[in-house]
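Student: I should like to learn how to read a protein structure that is new to me. May we proceed from the overall fold to a single residue?

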Amino acid sequence: VAHNSWLDFKLNPSLFTLSQQVVAGNMLYWVDHELNAYNLDNKMLYSGPIEDLQIEHHLRCGDYLYTSSLLHLAKDRFCLLWVDPDGSLSRLHCTILQVSKSTDLNGKGCLSASVLSCQSFILEFPLDFLDGLLL
């Protein structure tokens, strides 16, 4: 942006779901059934599970499309806001993740997302995320 220089990366649209993407440095992050990142410089894809059983279950059930939002906090820290319907009540979870990147022996990009903290709030009404903004 500072140099008014633009490139068309022609990313495969099947990489993305309806969840929002977040840019941190030269990486584009998003959540589908796991956490994903795409390096915009070397065009390498990274992916890996979020190390939390509740979140894994939430993402495997396929209800992640409108009930989660990923926000970049600083450096390797992210906040995943997600809603978990628990019977008649819904709970809003704010989970702080620390993300690290690596490559396996075959050169495939791997992500590891460990939970640093989580707070939960009972909601009196249903809630869907279409987008999020960190203030």
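Tutor: The discussion below concerns a predicted model, and it moves from the whole chain to one loop residue.

Student: Which elements make up the protein chain, and in what pattern do they follow one another?

Tutor: One begins by listing helices and strands. Here there are 1 helix and 9 strands. Along the sequence the pattern reads β-β-β-β-β-α-β-β-β-β.

Student: What share of the 135 residues counts as buried?

Tutor: In this chain the share is 36%. The accessible surface comes to about 8,500 Å², and carbon and sulfur atoms account for 55% of that area.

Student: Which residues have the most contacts inside the largest nonpolar core?

Tutor: In soluble globular proteins, nonpolar side chains tend to be buried together. In this model the largest nonpolar core has 20 residues, and those with the most contacts inside it are Tyr29, Leu35, Ile50, Leu70, Phe78, Leu80 and Val99. Among the elements that each supply at least two residues of this core are β1 (22–24), α1 (53–60) and β8 (89–103). Val99 offers an example: beyond its neighbours within four places in sequence, Val99 is in contact with residues including Tyr29, Leu35, Phe78 and Leu111.

Student: How should I read the pairing of strands, and in which sense does β4 run beside β3?

Tutor: One looks at the direction of the strands and at their bridges. Strands β3 and β4 (residues 45–48) run antiparallel and are joined by 4 bridges. One bridge partner pair is Tyr38 with Leu45 of β4. The hairpin of these two strands has 5 residues between them, and there Lys43 takes a positive phi near 55°. Strand β4 also pairs with β9, in the parallel sense, over 2 bridges. In that case the bridge partner of Ser47 is Cys110 in β9.

Student: Let us turn to Glu34. Where is its place, and is Glu34 buried, partly exposed or exposed?

Tutor: Glu34 lies in the loop between β2 (27–31) and β3 (35–39). Glu34 counts as partly exposed because its relative accessibility is 27%, a value between the cut-offs of 20% and 50%.

Student: Which residues does Glu34 touch, apart from those up to four places away in sequence?

Tutor: Glu34 touches Ser47, Gly48, Pro49 and Leu59. The side chains of Glu34 and Ser47 make a polar contact at 3.5 Å. Gly48 stands 14 residues from Glu34 along the chain, yet their C-alpha atoms are separated by 5.8 Å.

How values were computed: Residues are numbered from 1 along each chain as its sequence is written. This is a predicted model: local features need pLDDT of at least 70, side-chain atom pairs count only at pLDDT 80 or more; totals for chains, interfaces and linings use all residues. Side-chain values use heavy atoms; hydrogens and water are left out. Buried means under 20% relative accessible area, exposed over 50%, partly exposed in between (1.4 Å probe, protein chains only). Contact means heavy atoms within 4.5 Å. A polar contact is a pair of N or O atoms within 3.5 Å; within protein, one must be able to donate a hydrogen and the other to accept it, and residues adjacent in sequence count only if both atoms are side-chain atoms. Accessible areas come from the Shrake-Rupley method with a 1.4 Å probe; for residues, only the protein chains shown count as cover. A nonpolar core is a set of buried Ala, Val, Leu, Ile, Met, Phe, Trp, Tyr and Cys residues joined through side-chain atoms within 4.5 Å. Two strands pair if DSSP finds at least two bridges between them.
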